[in-house]
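Reader: I have a model open and want to go through a few spots in it. Can we take them one at a time?

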Amino acid sequence: MPVRHVTPTLAAFLVGLGSASPAYPCSRVLWDSGTGQVFVGRTQDWTERANSAFRMYPRGIERRGAVADNPHIWISKYGSLALSAYDEGTHEGVNEMGLSAHALYLAGETDFGKRDPRRPGIGVMQWVQYYLDNYATVAEAVAAQKNDAFQIEPLILPNGFPTLVHVSLSDKSGDSAVIEFIGGKPKIYHDKRFTVMTNEPTYDKQIENLKQYRTFGGDKPLPGERTPSDRFVRAAYYANGLPKTTDRAEGAAYMFSVIRNVSVPFGSPDPNKPNVASTIFRTVQDLTGDRYYFESTYAPNVVWVDYGKLDFSKDSTERELQVEKKILSLGGDVTNQLQPAKPFVFGMNKD
């Protein structure tokens with residue numbers, strides 16, 4: 001696999017991931033409607049557009065870990081529709097079986113451990129894609145992660161900062177898991193109750209904090225700050241109160257109503273809150289209806305891909321839609337606007 005150098009835009013994107021101070025936030029919410037419909041919503045909060053693009057991957061792609069030594073090698077078992085960031089890697093997506101994965105920032109505590117070249121490795125920008133390529137359910141992905149078959153290598157920037165993220169998994173049964181690397185080891189939180197994920201602190205602390213608030217056992221009122229902990233509580237509260245629906249589009253709208261509530265509006269940054277950035281886009285995945293929605297905060301329109309209609313067969317070709325760049329000219333169903341694309345090359349460190 002050719003070495004992919006760190007681009008200036010990617011460096012700008014990831015500096016916040018590696019620094020304990022300017023870590024940039026996101027939010028993810030899973031909602032099982034109770035009527036056979038399951039949705040996952042996400043906000044991407046950042047300081048600029050990330051050139052996010054829909055990327056369709058067919059089955060049967062041979063992957064190599066984006067590491068210099070002893071790359072882990074696999075062949076994709078399932079096709080997937082992903083969102084790439086800066087043309088360097090996957091930061092969220094869903095596969096044809098309904099397994100969903102999202103990478104969010106956990107800058108203060110994440111530690112993947114020192115790279116051991118005797119062990120197979122993958123690049124951190126491939127972590128989400130690895131799950132989408134290989135597993136149909138959260139349970140399968142969690143069991144595989146416990147086997148610890150490979151190491152994840154953070155992307156080291158010229159300033160010495162690594163990329164530090166945790167990952168959420170969801171599937172069409174409503175199952176959920178959050179995976180964090182602490183002290184070089186994976187810490188896995190696997191339970192259908194774990195429907196919300198934001199950023200720091202670690203997930204165990206977020207769960208304990210939630211218990212202080214009304215509806216979750218405590219007496220504190222609903223918080224209103226933009227911090228990860230406050231967004232976690234609000235997302236859990238509003239998702240818990242959503243009405244049941246059997247209408248697919250209505251369910252997606254309900255999910256959007258929650259993640260819009262935990263979004264960060266445009267405005268001047270707060271020097272006292274360096275871990276807060278404006279929301280640049282929102283997504284909703286309809287895991288049971290095979291539809292993937294995208295909403296840029298730089299445009300008033302929502303678009304979607306019906307990924308159940310895509311050709312994920314081994315003989316198919318990779319496809320792409322530069323959705324963030326083209327959002328002002330797009331509207332509604334853009335499934336047929338994904339165009340053939342060259343094979344994607346994941347970012348990796350310089351030799």
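Reader: Which helix is Tyr238 found in?
Author: Tyr238 sits in helix H5, residues 228-240. Keep in mind that this is a predicted model.

Reader: Is Tyr238 buried, partly exposed or exposed?
Author: Tyr238 is partly exposed, because its relative accessibility is 33% and the partly exposed class runs from 20% to 50%.

Reader: Which residues make the nonpolar surface patch with Tyr238?
Author: Leu222 and Tyr237 make the patch together with Tyr238, and its area is about 250 Å².

Reader: Changing topic. Strand S16: enclosed or not, and why?
Author: Strand S16 covers residues 291-296, and 6 of its 6 residues are buried, so the strand is largely enclosed by the rest of the structure.

Reader: Which way do the S16 residues point?
Author: Arg291, Tyr293 and Glu295 point one way, while Tyr292, Phe294 and Ser296 point the other way. In a regular strand, side chains alternate between the two faces of the sheet. Here the residues on both sides of S16 are buried.

Reader: What does S16 pair with, starting with S15?
Author: S15, residues 279-286, pairs with S16 in the antiparallel sense over 6 bridges. One of the bridge partners is Glu295 in S16, which is matched with Arg282.

Reader: What about the turn between S15 and S16?
Author: S15 and S16 form a hairpin with 4 residues between them. Asp290 is in that turn and has a positive phi of about 55°.

Reader: And how does S16 pair with S17?
Author: S16 and S17, residues 302-305, are also antiparallel, over 4 bridges. Tyr293 has Trp304 in S17 as its bridge partner, and a hairpin of 5 residues joins S16 to S17.

Reader: Now charges. How many salt bridges are in the whole structure?
Author: A search of the whole structure gives 16 salt bridges.

Reader: Which residue forms a salt bridge with Glu295?
Author: Arg260 does, with the closest N and O atoms 2.8 Å apart. Arg260 lies in helix H6, residues 248-261, and Glu295 in strand S16, so the pair ties together parts that are 35 residues apart in sequence.

Reader: Are the two ends of that pair buried or partly exposed?
Author: One of each. Arg260 counts as partly exposed because its relative accessibility is 37%, whereas Glu295, at 7%, counts as buried.

Reader: What does Arg291 in S16 meet in a salt bridge?
Author: The side chain of Arg291 meets that of Asp306 at 2.6 Å, N to O. Asp306 is in the loop between S17 and strand S18 (319-321), 15 residues from Arg291. Both Asp306 and Arg291 are buried.

Reader: Which other residues are in the network of salt bridges with Arg291 and Asp306?
Author: Arg248, Asp286 and Lys309 are linked with Arg291 and Asp306 in that network.

Reader: One more pair. What is the salt bridge distance for Glu96 and Arg59?
Author: The Glu96 and Arg59 side chains meet at 2.8 Å, N to O. Glu96 is in the loop between strand S7 (89-95) and strand S8 (100-105), and Arg59 is in the loop between strand S3 (53-57) and strand S4 (62-64), 37 residues apart.

Reader: How accessible are Glu96 and Arg59?
Author: Glu96 has a relative accessible area of 22% and is partly exposed. Arg59 counts as partly exposed as well, at 31% relative accessibility.

Notes. Residues numbered from 1 in each chain as written. Predicted model: local features only at pLDDT ≥ 70, side-chain atom pairs only at ≥ 80, totals over all residues. Heavy atoms only, no water. Buried < 20%, exposed > 50% of the residue type's maximum accessible area, 1.4 Å probe, protein only. Helix = DSSP H or I, 4+ residues; strand = E, 2+ residues; numbered from the N terminus. Pairing = 2+ DSSP bridges. Salt bridge = Lys/Arg side-chain N within 4 Å of Asp/Glu carboxyl O. Patch = residues over 30% accessible without salt bridge, like charges linked within 9 Å, V, L, I, M, F, W, Y side chains within 5 Å. Areas by Shrake-Rupley, 256 points an atom, 1.4 Å probe, with all protein chains shown as cover.
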